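The exercises below ask you to read a single protein model step by step, from its overall make-up to individual side chains. Please attempt each task before turning to its solution.

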Amino acid sequence: MSVNALPTAKGVQYGDVLAPQRAAGQDIPSLKGQRVVTVRTYEDVRKKDAQFSTREEMEGVDCALESEGYRASVKTPAEIRVPDYGYASRPVAVRCQSPGYRAGYATVQPFDKTSSERLGAASNNGLAGVVVVALIDAATDKKKHEFSYPPVYVTMNRIGCEKERSGCR
């Protein structure tokens, strides 16, 4: 499932949900476009006589994503297109519900994709390479970096899981 996040305020033009904050003087750049937030739901399942539980994906779980200025409702697994404000992108919170399960929650922060990719590439060149790239990265303007969201993984717990041998997660 793929959807666009919807503004929570009336009068939002072109999806620029943080325009009022920018107009009020907050350090928020112009809308750069959209980013995709992937939402998936899982249940930890422990088979009889198994020592460890396994994580199994659940499909069709109702979830609501919210952030400052927008929200979306989806069934998992889903991709939600959200506004991209680079370094000023806001955290997103996800709440999921399914019959027989407790509500599941997860929150993710946007991360500096540019720095992450630079340091990842430098790791192939040993410690000296990482240090040099880290110094170069620290000297760059973070406001020009690309930011993105990691996937959101929501763990769902069955009602009564606290009474089971495997417990809740």
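Helices (H or I, at least four residues) and strands (E, at least two) are taken here as DSSP runs and are numbered from the N terminus; on this basis the protein has 3 helices and 12 strands. The model is a predicted one, in which local features need pLDDT of at least 70 and side-chain atom pairs count only at pLDDT 80 or more, while totals for chains, interfaces and linings use all residues. Residues are numbered from 1 along each chain as its sequence is written, and side-chain values use heavy atoms, with hydrogens and water left out.

**Exercise 1. Establish which element has the lowest mean pLDDT and which has the highest.**

Solution. Begin with the scale: pLDDT is the predictor's confidence in each residue, from 0 to 100. The protein averages 83, and 76% of its residues score at least 70. Among the elements, helix α3 (residues 126-139) has the lowest mean, 55, whereas strand β8 has the highest, 97. Where pLDDT is low, the predicted coordinates should not be read in detail.

**Exercise 2. Work out the strand order of the open sheet that contains 5 strands, and identify its edges.**

Solution. Two strands are taken to pair if DSSP finds at least two bridges between them. With that criterion, the order is β2-β6-β5-β8-β9, and the pairing is antiparallel. The edge strands are β2 (6-7) and β9 (104-108), each of which pairs on one side only.

Next, follow the pairings from the β2 edge inwards. Strands β2 and β6 are joined by 2 bridges, and P7 has Y70 of β6 as its bridge partner. Between β5 (residues 62-67) and β6 (residues 70-75) there are 6 bridges in the antiparallel sense, with A64 partnered by S73 of β6. The hairpin of these two strands has 2 residues between them, and G69 there takes a positive phi near 100°. On to β8 (residues 92-97), which pairs with β5 over 5 antiparallel bridges; here E66 stands opposite A93.

Finally, compare the two faces of β5: C63, L65 and S67 make up the covered face, while D62, A64 and E66 make up the uncovered one.

**Exercise 3. Decide whether Q21 is buried or exposed, and find what its side chain touches.**

Solution. Locate the residue first: Q21 is found in helix α1 (residues 19-23). Buried means under 20% relative accessible area, exposed over 50% and partly exposed in between (1.4 Å probe, protein chains only). Because its relative accessibility is 16%, Q21 counts as buried.

Then examine the neighbours, where contact means heavy atoms within 4.5 Å. Leaving aside residues within four places in sequence, Q21 is in contact with Q26, I28 and E68. With the side chain of E68, the side chain of Q21 makes a polar contact at 2.7 Å (a pair of N or O atoms within 3.5 Å; within protein, one must be able to donate a hydrogen and the other to accept it, and residues adjacent in sequence count only if both atoms are side-chain atoms).

**Exercise 4. Classify the aromatic pair of the structure, and explain what the pair ties together.**

Solution. Rings of Phe, Tyr and Trp (its six-membered ring) pair if their centres lie within 6.5 Å; planes under 30 degrees apart count as stacked, over 60 as edge-to-face and the rest as tilted. The structure holds 1 such pair. The ring centres of Y42 and Y153 are 5.7 Å apart and their planes stand at 65°, so the pair is edge-to-face. Since Y42 lies in strand β3 (residues 33-45) and Y153 in strand β12 (residues 152-155), the pair ties together parts that are 111 residues apart in sequence. As for exposure, Y42 is buried, with a relative accessible area of 13%, whereas Y153, at 42%, counts as partly exposed.
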